[in-house]
Structures are given as structure tokens and as C-alpha cells.
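I keep these notes for a reader who has not met this structure before. The entries follow the order in which I looked things up.

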Amino acid sequence: MHLQIQTLSLNDDSGSLPAASIVPSNQQVCDSILLLWREEPASEDYNLEELLKVVKERHSEWKLSVESLRKLLQSHSLYATDEKSLQIYSDKVRMPEMAEGEVKLPRSVRIGACSGDKQRGLFATNALKAGDMIFEDLPLVVVPPMDKLVLMQSGKACPLCGSSVSHSQHTIIMNGLDCGECGAVWCSKNCKKNDLTHTSLRHTRSRCRQINLNGWKKYESFCKQYVFVAAYSIGIIYASMILDKNGKNGVHPKFQLLADVSQRIRKDSSDSTNLGGTLDASSGAFTSDDPEPMWTQALDLFKEAFPELDDMDMEAYLNCIGKFNINQVSGQIFPVYSFINHDCEPNVRYEIDDKLRLKLYARKHIKKGEELLTTYVNPLHGVKLRRRELRVNWGFLCHCDRCNRELTKRKEKLTSPTPSAHHSPANSFSDKNRRKSSMRNARPDLHELLKNGQEFDLEIPDNLETHHRKTSVRFDNNVSVAVDE
Ligand SMILES: [Zn+2]
Ligand SMILES: [Zn+2]
Ligand SMILES: [Zn+2]
């Protein structure tokens, strides 16, 4: 049998536009540059001519000159930027003061004061070897994944953790995993026991005066419509606080101890256009439009859902949204982990298991009393993109050893007498590979790869008994398929 490879377009309109016929918007150009940096970290070192060449390869229909590209990138702090002109807001991130013993910590760590912008951090109480587990951390409250709400309501996904449910009717009845009032089915007895909000947010039977069921439903569908994950999550956290009446779960005090900053301040430092989806890329909590009307509407619905909440004004609400966004990891808040500061060469790494437990491990030897440092951004990215994401999302300019080293190297390259030949686009592949192999321990961010239409290798078990192995799949406008001739 002969196979032939055919390329299909996923777009409705497959006809290509004539070359250099369209003047792209500023946002489009900047987005494409940031996408390029994500896909090819070495492209951060291109000069303007090289950059223009690659952009035109990707968008032959764009009409763009070197000079207009220079102006555009400079005006958005993406090229030859004076660091002093960049907006940072780390001084506006509020770290609530805490009394000794207020937070229950695992024995392996303690909270301590840091120098500079960082204010406070987490330190090892004993020496650790590479690979040692440091602690386990449970979410403040489990925030069910918003994108699975429909599946949850029809019993196909667990209404708490969101994992898919395929129990037999027998298993469901024997273990009492169903709700009895709606179609929800939990994945396990544990999830059912820990789901504190289901009845109050889903069923009229609930008599909690502080939660208005219809108001909540409106708020939830609003958040879903705008993919406003942070607002939805704050709603779940508030409902959990209300339902944690005797404070058994400590939701309120733990939430109060998290660092916070207004979402408005964060939005302003993102150039207010959210170039390349840098701001809250993982939570989708922001669109390129002016978010103020959306915020106003969200707050009105929030107050309708929680009618007895009288101290919530716009500032307090945006502080909660910002607080969620700077602390969340994979859509959850892990109270102990959230004390850890950033470094582009972290000494710890984490895994989140299917029970949503975060497990923290040492990546290298850590001395007694040394600060634990994690990475908030994808360590495979280049120095410019990493620092941009840290600045926009967390408000600081990273001056870690790795950033300083890489910045010095860039400066040397830019001022060296034989410019750019060794880092031209054509040779970028080896550069990229080197960077990848040096960070082999870091896991690629699949969500981001998929979002950006990048090519990546699928892990296929070696013992898979098939001769028809596909080793890579490409997600973009075109999809290559093998068809019978
Ligand atoms: Zn579950
Ligand atoms: Zn139910
Ligand atoms: Zn850094």
C-alpha cells in the first residue's frame, strides 16, 4: 500500500493573500514577535533586519519596513529598551504581616525575611540532597476547572477535581458517588467528602443566606463567557470561606496571608494591550479590550451572588483578582508553596498529582538555611521573554545570576566587532538545542506549546506494539495527514 502525504488547511479560507498587501496592526506585529521568542529563544538575539526577515517569512502578506518595525518595538519596550523606563510594581505588591506561628508550616521550611524587593521567602531548615521531597501542599480550596463545568454537570467529570468519570452504575451506587439531586458524579469518596460548595452553589435546598443561588449561576456563566478564570476562582474561594463557618479549614486566614496587588496595576504595566498574551496567559483572565466594563459587571454579579458582603468595592475586588493571579499555580492556590520566591535557575521543582497535591522536591543540593527558589516562568524561554513575563505578571525585573550572565553575554555580542553571523536565523537551531539540553530537567509547558501552535514530540512508550508510530504532530493552520493512494 502506498501512502501519500497531503496537507490540509484548517482555515475556512485557504487562498493566500498577495505578498506585502496588508499593513498589520501594532498588536499583530508585537504578538508575532513574542510568539517567535516563545518558539525560538535564540531569536531574541536577532537584529532588526533578521527579525524582519523571519516575520515576513511567516506573514508574507504583511507590509512592513525595518524603520516601522524599530519604532513599533521600541514603543512597546520590546527592542533596545532602557531598563529605567520600564514600569515595575514590585513595591506595590503587599505582603501581609504575620505573627509568629500564624502559619502552620511543614518542619522542613521556615519563613524568613529577604533583602531587596522580595521582603519574605521560604528557607530550608535542614540540608537537602537533590531529589529529596521537601513538603506536600494541598490547595487552599480546590477550584474546579471552569472549562469542565458542562462535563461536571452531566456526570462525565468530577465536580471537584474535574478528572473524567467513567464508573459503572454499580460502582456509583455502591460507593454513593452520585449527588442524588443533580447529575453530578464524583470520582471518589474523598472528592465527594471534600466538596464543600456543591450543595450551596448548585441546589435550592441550601439555606445559606449569604449565598444567592441564582446570583451565583449568573456570575459563573459570566466568568465562563469571558474566560475570566480568576473571577470564577475568587467566587469559589469566597463561597468556601462562607461555608467554612467554624474556621476548621482555615480558608480565611490562609487567604489573608497571601501577597496581593491590584489587577489594575498589573494591567497597566502590560502596555495595557496584553501583547502576546503575556499577562495571565495561563488563566485567560484578560482580553486586549479595555477590561473596566467587564470588571464592573463582574463585581455587580459577585455582590448579587454574595449579598451580605458589604465591604467589597472595586479596589478590594481587583486586589482579590490580582492576588489570585500572582499566587495561582495550575489554577490552584497552594498556601505554603506561595511563599517561595523566583529564580530563573531554581533549586526546587514541583509536581502536582491527580489528587491535586503539590509535591516539592530539591533540584540540587540545598544547604541548611538556604532560601528555596522556584521558577514562575518557563525556564526554556530566553532572557528577554522571561524577564518580560516576570515584569508584567509579578512586577519585578529579574536580576538572578542566570539573567545577569545572559544579559552580559548579549551585551558582549552586540558590541563585538564581528556581529551576528553566528546567531543568524539560519543557525539558530543549534543554539536552541543547546539551551534545551542545558535545561533538560525542566518540563515543557504543553499548554503553551499547544496554544502557540508549536511542534513537539509526543512521548510514545517503547513497548507499544504497533508498526505505525507517529513521533510528532504539528498543530497549526495546516495539518499533514497520511492518506491511501
Ligand atoms: Zn475528583
Ligand atoms: Zn448536586
Ligand atoms: Zn532571572
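I began with β4 and β7, which are antiparallel and joined by four bridges. I take strands (E, at least two residues) and helices (H or I, at least four residues) as DSSP runs, numbered from the N terminus. Two strands pair if DSSP finds at least two bridges between them. I looked up one bridge here and found E136 partnered with K359 in β7.

A note on the source: this is a predicted model, in which local features need pLDDT of at least 70 and side-chain atom pairs count only at pLDDT 80 or more, while totals for chains, interfaces and linings use all residues. Residues are numbered from 1 along each chain as its sequence is written, and chains are lettered from A and ligands numbered from 1 in the order in which they are written.

Next I followed β7 (residues 358–362) to β6 (residues 348–352); five bridges join them, and they run antiparallel. Y350 has L360 of β7 as its bridge partner. I noted that β6 and β7 make a hairpin with five residues between them, and that L356 in the turn has a positive phi of about 60°.

I then put the strands together: the open sheet has three, ordered β4-β7-β6, with antiparallel pairing. β4 (133–137) and β6 are the edge strands with a single partner each, so one side of each has no neighbour in the sheet. From one strand to the next the twist averages 20°.

For the whole chain I recorded 17 helices and 11 strands. Of its 485 residues, 30% are buried. I call a residue buried if 20 or more other C-beta atoms lie within 10 Å of its own, exposed if 12 or fewer, and partly exposed in between, with C-beta atoms placed from the backbone.

I turned to helix α13 (residues 314–327), whose 14 residues reach 20 Å from first C-alpha to last, close to the 20 Å expected at 1.5 Å a residue. The expected span is 1.5 Å times one less than the number of residues. Its buried residues include Y317, L318, C320 and F324. Among the elements covering the buried residues of α13 are α9 (229–243), α11 (263–268), α12 (292–305) and α14 (383–394).

Which of these did I follow up? I chose α9, where 13 of 15 residues are buried. α9 and α13 pack at about 100° with axes 9 Å apart; axes are lines fitted to C-alpha atoms, for helices over the stretch in contact, and angles run from 0 to 180 degrees between N-to-C directions. The two helices, α9 and α13, are therefore roughly perpendicular, a label for angles of 65 to 115 degrees. A230, A231, S233 and I234 of α9 meet C320, I321, F324 and N325 of α13; contact means C-beta atoms, placed from the backbone, within 7 Å.

Last, I looked up N175, in helix α5 (residues 169–175). Is N175 buried or partly exposed? N175 counts as partly exposed because it has 13 C-beta neighbours inside 10 Å. N175 and K189 are 14 residues apart in sequence and 7.0 Å apart in space, C-alpha to C-alpha.

How values were computed. Two residues are in contact if their C-beta atoms, placed from the backbone, lie within 7 Å. Angles under 35 degrees count as roughly parallel, over 145 as roughly antiparallel, 65 to 115 as roughly perpendicular and the rest as oblique.
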